[in-house]
Amino acid sequence: MSRLPFPGAYPTTRMRRLRTDGWIRELVAEHRLSPSDLIWPIFVVEGDRRQPVESLPGVERHDLASAVEACRRARDLGIPAVAIFPMIDRALRSEDGAEACRAGNLVCRAVSAIKAAVPDLGIVVDVALDPFTSHGHDGVIRDGRILNDETIEILVRQAVVQAEAGADIVAPSDMMDGRIGAIRAGLDGAGRQDVKIMAYSAKYASAFYGPFRDAVGSTGVLVGDKKTYQMDFGNSDEAMREVELDLREGADMVMVKPGLPYLDIIRRVRDGFGVPVLAYQVSGEYAMMKAAAQNGWLDYDKALIEVLTAFKRAGAAGVLTYGAVDAAVLLG
Ligand code: PBG
């Protein structure tokens, strides 16, 4: 039983008392978003073919010079890290995605250029073959099946090449079993003990990746779907198993993806493991907000801050979002 003189019901207690003015709301706020919570995914393209991504209003594919400039601005706004995604020339895509492992490929050159120009900005790169394969899958295929162990060997080489180009964090997004341990061993063997692994641990087979596939040139390339490696959206216990395995294999941080439809997973993982959990507000989530705003149906700025704060409330240590720069400016 409560020993308070007043048992805490209306009219003694009025919840609205702490909402009367801006200053008191600020004082009692439980969660606040800061630019330091954000990772900004950017797209890069070869040569001078810089262009907007139609399905992601406000997002473009950068050439290297404009990528460097954009990163400098992001850092000045207090954003700690960017994630780089390449649109690889169609002619360089192949069955086994060999281009992914070539030192000097587009991703590696972008990493090196950004690292040289903005050394105190963290750089994240995806480890997965989909931007590099002729079929758009994250792994290699035989007889219509994605091969797990053969894919891992390639992913290890890809991760090492990216680390050698200057990547600070490698983010395996391929969902092959056992790849985290193999990548950790590969990085350590190459003397890259400090390179961090941000594992896309709970990555769901989602309809919300549509605009991203457009941005990296996989639309129309991808054959079939990714349901034999990405997770079923009805599952939650399975996400806990994925996270546990990745942590045992050496993941430093884990990711839940997509973001907003999976806040329950973020909360479970945070409570269950107490490790840094990143949320990825994916392309389709961003595009929905932009499209609605373009129709005058909602206020993009307000919706963005609300959603990003919701990730923090759910327990995320940080959020990957195409709106990172917009949010940082708004928070400025
Ligand atoms: C590639 C990858 C994808 C995304 C990040 N890395 C797409 C996919 O798995 O098909 C999606 C990001 C987004 O939609 O913003 N493995």
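A cavity, in the sense used here, is a set of grid points where a 1.4 Å probe fits but cannot get out. With that in hand, the enclosed spaces of this predicted model can be toured one by one, before turning to the open pockets.

The count comes to 2 cavities of 30 Å³ or more. The largest cavity has a volume of about 110 Å³. Its lining is made up of 14 residues, and those closest to the centre are Asp130, Lys203, Tyr209, Phe212 and Lys257. Sorted by class, this lining holds 7 charged residues, together with 5 nonpolar and 2 polar ones.

The second largest cavity has a volume of about 70 Å³. Two names from the largest cavity return here: Asp130 and Phe212, already met among the residues closest to the centre of that cavity, also belong to the lining of the second largest one. They are joined there by Ile84, Phe85 and Pro86, by Val107, Asp126 and Ala128, by Pro131 and Phe132, and by Gln158 and Gln162. Two elements, strand E4 (81–87) and helix H4 (148–165), each supply at least two residues of this lining. Strand E4 gives the most, with 3 residues. By class, the second largest cavity is lined by 8 nonpolar, 2 polar and 2 charged residues, whereas the lining of the largest cavity has 5 nonpolar, 2 polar and 7 charged residues.

The pockets come next. In the largest pocket lies about 300 Å³ of space. Its lining includes Thr13, Arg14 and Met15, followed by Arg17, Leu18 and Arg19. Arg25, Val28, Ala29, Glu30, His31 and Arg32 also line this pocket. The class breakdown is 6 charged, 4 nonpolar and 2 polar residues, with Arg14, Arg17 and Glu30 being among the charged ones.

The second largest pocket has a volume of about 260 Å³. Of the 17 residues that line this pocket, Trp40, Gly58, His62, Ala70 and Val325 are the closest to its centre. Four elements give two or more residues to the lining: strand E1 (38–45), strand E3 (60–62), helix H2 (64–76) and helix H11 (324–331). A reader following the structure can thus look for this pocket where these strands and helices contribute to its lining. The residues lining the second largest pocket divide into 9 nonpolar, 3 polar and 5 charged, while the lining of the largest pocket has 4 nonpolar, 2 polar and 6 charged residues.

Methods
Residues are numbered from 1 along each chain as its sequence is written. This is a predicted model: local features need pLDDT of at least 70, side-chain atom pairs count only at pLDDT 80 or more; totals for chains, interfaces and linings use all residues. Side-chain values use heavy atoms; hydrogens and water are left out. On a 1 Å grid over the protein atoms alone, a cavity is a set of points where a 1.4 Å probe fits but cannot get out, and a pocket is an open set with protein on both sides within 12 Å along at least five of seven lines; lining residues have an atom within 4 Å of a point. Grid points are joined across faces, edges and corners, and a volume is the space filled by probe spheres set on the points.
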